[in-house]
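Here is a note to read beside the structure. Each point takes up one part of the fold, and the strands can be followed on screen as you go.

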Amino acid sequence: MKFAIIGAGVAGSYLGNMLYSNGHEITMFEAFKKENHWPVCAWGASKHMLEHFSKKAGLDFNQYVHHVGKRLRMELPNDKEEFLELHGLVTYDKKQWETDLLKDINIKYGSVCNRETFPSDKYDYVLDCTGFHRALLPKTKNDFIIPAYEYLVGNIHDIEEFYVIGYKGARGYFWYFPLSNGMGFVGAGDIDKKYYGIKEFFNRYPNAKIIKKIGRPIRLSPPKLMEPFYNNNIIGVGESIGTVFPMLGEGIIPSLLCCEIFLKVIEQSKDSTDKFDKEAYRKNVLEKFHYYHDVYKIIRLKMDGKLNTVRHFNLLVSMYKNMKKEEKRFGFEISFDKMRRLVNAL
Ligand SMILES: Cc1cc2nc3c(=O)[nH]c(=O)nc-3n(C[C@H](O)[C@H](O)[C@H](O)COP(=O)(O)OP(=O)(O)OC[C@H]3O[C@@H](n4cnc5c(N)ncnc54)[C@H](O)[C@@H]3O)c2cc1C
């Protein structure tokens, strides 16, 4: 089939690679010019899952790993502190990984596509992999995004662990994610745009060297609130249809899981009608990400000061049980006690 893929981020790169190696014709469109293209992200994800996806795409994930986490330190309101044991959370060279996925693909850099003018009829399918922008699918009423930005910094030699500061009311958090050779990402997502922790970080590390400042908002609304997933021959994959895990703003693995669903449906369609079964894709996405809606409700209730751990116990249990089932996919320990302590502390 003839595909246009819009957006060379995680979803677009992985799908481009996999569809091309399955014999499809791919043209990719990316808004940024080649020299400015940069994956805006803190590059942290579970190595178990990235090994799995890399293997499928013919890459050796070990070559991309920057930092293997042992624990994550969390500062919480009222001078509380919590530690999470890490089981596979790493930072990796996301830019190089995506570049290598795309090595055989024809990419039209500097093409800002939009729903009004893109010539969709020239392709069998157009994949909206534009992440937060959702540039080709229709807008939705229930979109919820959180502003975020970060710095790529160098010359930081004395923090060897993942470090976050959780804001009161779960309204966002600050992060430091170590890379290698004294580099790391310092950033924050904050609904109130105060970004506590960033200025304090630079005061504490006056020798930190700023290499890059980057940012864009993150979509927290889950798939259930981001329909439609398709419109005529345009199909959304990844953050464009709300696959980010709302509690953490974590979107790399969920985007890849969404790609996996897309590829499975393509494979099944080949045996039957030779057309992509959009409804099967929709149902599978809703099923896979069903509990993200509960997690989203927890976050919104917490942000509005309305979360009650007794009244909303079922939501908390749903989040815990579903996360526990997928512990490897998160790359850190999932414990109900810690989760409850965190929710109470924020
Ligand atoms: C500051 C920040 C830090 C983050 N840190 C992490 C993290 O550490 N771990 C994690 O798991 N998740 C993180 N996330 C979330 C994660 O990066 C995203 O959810 C994930 O990258 C989404 O993948 P995607 O392929 O759907 O979209 P993206 O990776 O966002 O890719 C979208 C692509 O589409 C292009 N594009 C956009 N509009 C157009 C257009 N009109 N025409 C053509 N091209 C277009 C963009 O330039 C981009 O290349 C972070 C997000 C932010 C903003």
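Which order do the six strands of the open sheet have?

1. The model is predicted, so please read every point below as a statement about a prediction. The six-stranded sheet is open, and its order is β8-β2-β1-β9-β18-β17. Its pairing is mixed. At the edges stand β8 (106-109) and β17 (230-231), each of which pairs on one side only.

2. A general point helps here. Strands of a sheet pair through backbone hydrogen bonds, and the pairing may be parallel or antiparallel. In this sheet, β2 (residues 25-30) and β8 run parallel and are joined by four bridges. One position to look up is M28, whose bridge partner in β8 is I107.

3. A helix also packs on this sheet: α1, residues 10-21. Helix α1 touches β1 (2-6), β2 and β9 (125-128). The direction of α1 makes about 165° with that of β2.

4. There is a second open sheet, this one of seven strands, in the order β6-β5-β12-β13-β14-β11-β15. The pairing is mixed here too. The edge strands are β6 and β15 (209-215), and each pairs on one side only. Ignoring direction, neighbouring strands of this sheet are turned by 15° against each other on average.

5. Within the seven-stranded sheet, look at β11 and β15. These two strands run antiparallel, with six bridges between them. V153 stands opposite I210 in β15.

6. Next, the ligand. Around the ligand there are 43 residues, and those that come nearest are G7, G9, G131, G238 and G251. By class, this shell has 22 nonpolar, 16 polar and five charged residues.

7. Where does the largest share of the shell around the ligand come from? It comes from α1, with three residues. At least two shell residues each are supplied by α1, β2, β3 (44-46), β11 (148-154) and α5 (252-271). Helix α1 therefore appears twice in this note, since it also packs on the six-stranded sheet.

8. Now the pair of helices α7 (residues 292-303) and α8 (residues 313-325). Their axes come within 9 Å and cross at roughly 130°. That angle makes α7 oblique to α8. The crossing in which α7 passes α8 is left-handed.

9. Which residues of α7 meet residues of α8? From α7 they are D294, V295, K297 and I298; from α8 they are L315, L316, S318 and M319. The residues of this contact divide into five nonpolar, one polar and two charged.

10. Two local backbone features deserve a check on screen. E227 and P228 are joined by a cis peptide bond, with omega at about 5°. P228 lies in the loop between β16 (218-219) and β17, and β17 is an edge strand of the six-stranded sheet.

11. The other feature is at N78. Its phi is positive, about 60°, although N78 is not a glycine. N78 is found in the loop between β5 (71-76) and β6 (80-85). Both of these strands belong to the seven-stranded sheet, where β6 is at an edge.

Methods
Residues are numbered from 1 along each chain as its sequence is written. This is a predicted model: local features need pLDDT of at least 70, side-chain atom pairs count only at pLDDT 80 or more; totals for chains, interfaces and linings use all residues. Axes are lines fitted to C-alpha atoms, for helices over the stretch in contact, and angles run from 0 to 180 degrees between N-to-C directions. Angles under 35 degrees count as roughly parallel, over 145 as roughly antiparallel, 65 to 115 as roughly perpendicular and the rest as oblique. A crossing is left-handed if the near helix is turned anticlockwise from the far one by less than a right angle, and right-handed if clockwise. Two residues are in contact if their C-beta atoms, placed from the backbone, lie within 7 Å. Ala, Val, Leu, Ile, Met, Phe, Trp, Tyr, Cys and Pro count as nonpolar, Asp, Glu, Lys and Arg as charged, and the others, Gly among them, as polar. Two strands pair if DSSP finds at least two bridges between them. A residue is near a molecule or strand if its C-beta atom, placed from the backbone, lies within 6 Å of it.
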